[in-house]
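User: Please take a close look at one part of this structure and its surroundings. Keep it brisk, and give me the cut-off for each term as you go.

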Amino acid sequence: MPLEALGKDALGRDLFFFGIASPADVGMVKWAPLHFVALLVWHADGVSTEVVSGLVEELFNRGASYLCTWGRDCERVHDVAEETDAFPSELASPEDAVRLTTWHTDDSLEEVVDFLLRSTVPNAYYAPTTTTSLVLCIGDDALARETRQALVDGLRSECR
């Protein structure tokens, strides 16, 4: 599934959706923003911590300034993200550049999409250069279709 532009979120960022079958396919995602908010939709239960860590590091290395996780075992994905040392090397103090992370175990997909579209404001260091929201869905086509539809519905509700 190609990277798909869906419009702008409530915070004025360009919104993109990308569905892949496995974490190993994340390299297929091509985008150019310096920093972005990421919503990772993934049922990660049964996936090794090494694979989760590799994916999270890839997202941070590509510029994720805010990471939301949703799906089975999303709290563990969040915990792995919290343990990842991914602060920009040009900063003297990592406290100046906190990458925010959230997990949404008890939220519906629609609720986490609403959170992404309206409430994901990155740390002050990243805010000026965070111009994009990327929803990365890992799994089967049914999950990708459900996620994309939740995004389209969320954007529609903003227009009312």
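Analyst: Start with one pair: leucine 40 has threonine 69 in E4 as its bridge partner. This is a predicted model, in which local features need pLDDT of at least 70 and side-chain atom pairs count only at pLDDT 80 or more, while totals for chains, interfaces and linings use all residues. Residues are numbered from 1 along each chain as its sequence is written, and side-chain values use heavy atoms, with hydrogens and water left out.

The pair sits between strand E3 (residues 35-42) and strand E4 (residues 64-70). These two strands run parallel and share six bridges. Strands (E, at least two residues) and helices (H or I, at least four) are DSSP runs, numbered from the N terminus. Two strands count as paired if DSSP finds at least two bridges between them. Strands of a sheet pair through backbone hydrogen bonds, either parallel or antiparallel.

Now widen the view. The sheet is open and has six strands, in the order E1-E2-E6-E3-E4-E5, with mixed pairing. Strand E1 (4-8) and E5 are the edge strands, each pairing on one side only. From one strand to the next, the twist averages 20°. Angles run from 0 to 180 degrees between N-to-C directions, with axes as lines fitted to C-alpha atoms, for helices over the stretch in contact.

At the E1 edge, the partner is strand E2 (residues 14-20), antiparallel and joined by four bridges. Lysine 8 stands opposite aspartate 14 in E2. The hairpin of E1 and E2 has five residues between the strands, and glycine 12 takes a positive phi near 85° there.

Next, the helices. Helix H1 (residues 49-61) lies across E3, E4, E5 and strand E6 (130-138), at about 145° to E4. H2 also packs on the sheet and touches E3, E4 and E5. Its direction makes about 165° with that of E5. Contact means heavy atoms within 4.5 Å.

Valine 80 belongs to helix H2 (residues 74-83). Is valine 80 buried or exposed? Valine 80 is buried, because its relative accessible area is 9%. The cut-offs: buried is under 20% relative accessible area, exposed over 50%, and partly exposed in between (1.4 Å probe, protein chains only). Leaving out residues up to four places away in sequence, valine 80 touches Thr49, Val52 and Ser53.

Histidine 104 follows in the loop between strand E5 (100-103) and helix H3 (109-119). Its relative accessible area is 6%, so histidine 104 is buried. Its side chain makes a polar contact of 2.8 Å with the side chain of aspartate 107. A polar contact is a pair of N or O atoms within 3.5 Å; within protein, one must be able to donate a hydrogen and the other to accept it, and residues adjacent in sequence count only if both atoms are side-chain atoms. Beyond four places in sequence, histidine 104 touches Cys68, Thr69, Trp70, Cys74, Val112 and Phe115. Thr69, the partner of leucine 40, is thus on the list of histidine 104 contacts.

H3 itself has Leu109, Val112, Val113, Leu116 and Leu117 buried. Seen down the H3 axis, the buried residues fall within an arc of 135°, so they line one face of the helix. That arc is taken over the directions from the helix axis to the C-beta atoms. An α-helix has 3.6 residues a turn, so residues three or four places apart point the same way.
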